[in-house]
Amino acid sequence: MQNEKREKIGFLLGTIGVICFSLTLPATRIAVEYFGTTIVGLGRTVVAAFLVAMIFIVRKEKLPTSHQFKSLGIVAFGAVLGFPLLTSWAMESLPVSHGAVEVALLPLATAGFAMLRAGEIPSIKFWISSLVGSFAVIIYAFHLGFGHLQFADLAILAAVLILGLSYAEGGKLAKELGSWQVIAWAILIGAPFFIIPVGLHLTIEMLHAPIQAWVSFFYLAVVSQFLAYVAWYSGMALGGIARVSQIQYLQPFLMILFATVFLDESITSFTILIALVVVFSVILGKNTTIIKKGSQPKKN
């Protein structure tokens with residue numbers, strides 16, 4: 001019963017994280033037009049680092065072990081450097097709906113890395129549900145006419161792969177280091193390397209950017225780069241990396257919804273139909289057996 005309660009809380013926290021992440025591409029699309037790829041992609045981490053540093057000073061956090069620092073390096077590479085920078089560059093030329101479809105492959109990448117890095121062995125039913133969700137978004141991509149990949153598409157796909165690794169590594173590390181500490185330390189590891197390139201790309205003209213650009217940038221820095229990860233890693237630590245990762249199948253459709261609200265991008269009946277298929281696959285994946293190496297199978 002206690003495990004079931006933990007998994008429900010984990011699923012709830014994972015859902016909160018996904019909702020927060022779903023505003024990332026729309027916010028990036030707005031901010032990158034005025035601040036550019038480097039400021040949006042790396043500058044968000046520099047701003048988040050000031051917030052994290054203040055929290056660490058107040059709490060007098062202890063340093064991670066050398067083994068934990070290695071895992072934090074993987075988390076930083078994906079969540080702090082790779083995904084923000086690659087998606088910022090891609091959003092200069094792609095509509096949010098385009099990038100959102102490709103981000104939908106993130107749960108499959110996360111589950112695969114969870115098997116390799118965290119010792120989770122999903123059942124056949126889990127992989128069937130994952131493939132259903134993946135095929136649904138692939139069909140959706142062809143429906144939108146994305147038959148030919150551009151360099152920006154490849155950037156999004158690369159971002160998905162490295163973020164999937166980062167999610168799996170962070171979810172595993174959160175169990176021993178703490179959920180918010182994982183992304184906080186990753187931010188502090190990456191920020192010093194970003195200060196110089198961010199400083200070189202600052203211009204006076206940026207001060208004249210509209211309020212929506214500044215709101216978008218600080219949302220990326222405070223929520224997307226830090227608070228959303230706190231909820232997400234907490235959810236994976238409590239509910240299991242592979243299972244909670246299934247919630248991400250809802251992310252592209254939430255992104256499209258937010259793009260419709262904030263960027264006037266259109267939403268179609270076919271999008272709603274595919275969303276229903278994806279919701280079904282999430283429900284199916286949530287109730288599958290996940291085997292942890294060296295333990296008995298467990299089912300939600």
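This report describes one helix contact and several aromatic pairs in a predicted model.

Two packed helices are described by the angle between their axes and the distance between the axes. Helix H8 covers residues 179-200 and helix H9 covers residues 211-239; their axes come within 7 Å and cross at roughly 140°. Angles over 145 degrees would count as roughly antiparallel, and the crossing of roughly 140° therefore makes H8 oblique to H9. The crossing in which H8 passes H9 is right-handed.

On the H8 side, the contact is made by Ser179, Trp180, Val182, Ile183, Ala184 and Ile187. H9 contributes Gln225, Phe226, Tyr229, Val230, Tyr233 and Ser234. Sorted by type, the residues of this contact are 9 nonpolar and 3 polar, with no charged residue.

The structure also holds 15 aromatic pairs. Two of them are set out below.

| Pair | Centre to centre | Angle between planes | Arrangement |
|---|---|---|---|
| Phe35 and Phe217 | 5.8 Å | 65° | edge-to-face |
| Tyr167 and Tyr233 | 6.5 Å | 85° | edge-to-face |

Phe35 lies in helix H2 (residues 24-59) and Phe217 in helix H9, so this pair ties together parts that are 182 residues apart in sequence. Phe35 and Phe217 are both buried.

The pair of Tyr167 and Tyr233 also links distant parts of the chain, with Tyr167 in helix H7 (residues 151-177) and Tyr233 in helix H9, 66 residues apart. Both Tyr167 and Tyr233 are buried. These two tyrosines belong to a cluster linked by ring pairs, together with Phe21, Tyr229 and Trp232. Tyr229 and Tyr233 are also among the H9 residues that make the contact with H8.

Methods
Residues numbered from 1 in each chain as written. Predicted model: local features only at pLDDT ≥ 70, side-chain atom pairs only at ≥ 80, totals over all residues. Heavy atoms only, no water. Axes fitted to C-alpha atoms, helices over the stretch in contact; angles between N-to-C directions. Helix = DSSP H or I, 4+ residues; strand = E, 2+ residues; numbered from the N terminus. Parallel < 35°, antiparallel > 145°, perpendicular 65-115°, else oblique. Left-handed = near helix turned anticlockwise from the far one by under 90°. Contact = heavy atoms within 4.5 Å. Nonpolar A, V, L, I, M, F, W, Y, C, P; charged D, E, K, R; others polar. Phe/Tyr/Trp six-rings, centres within 6.5 Å; stacked < 30°, edge-to-face > 60°. Buried < 20%, exposed > 50% of the residue type's maximum accessible area, 1.4 Å probe, protein only.
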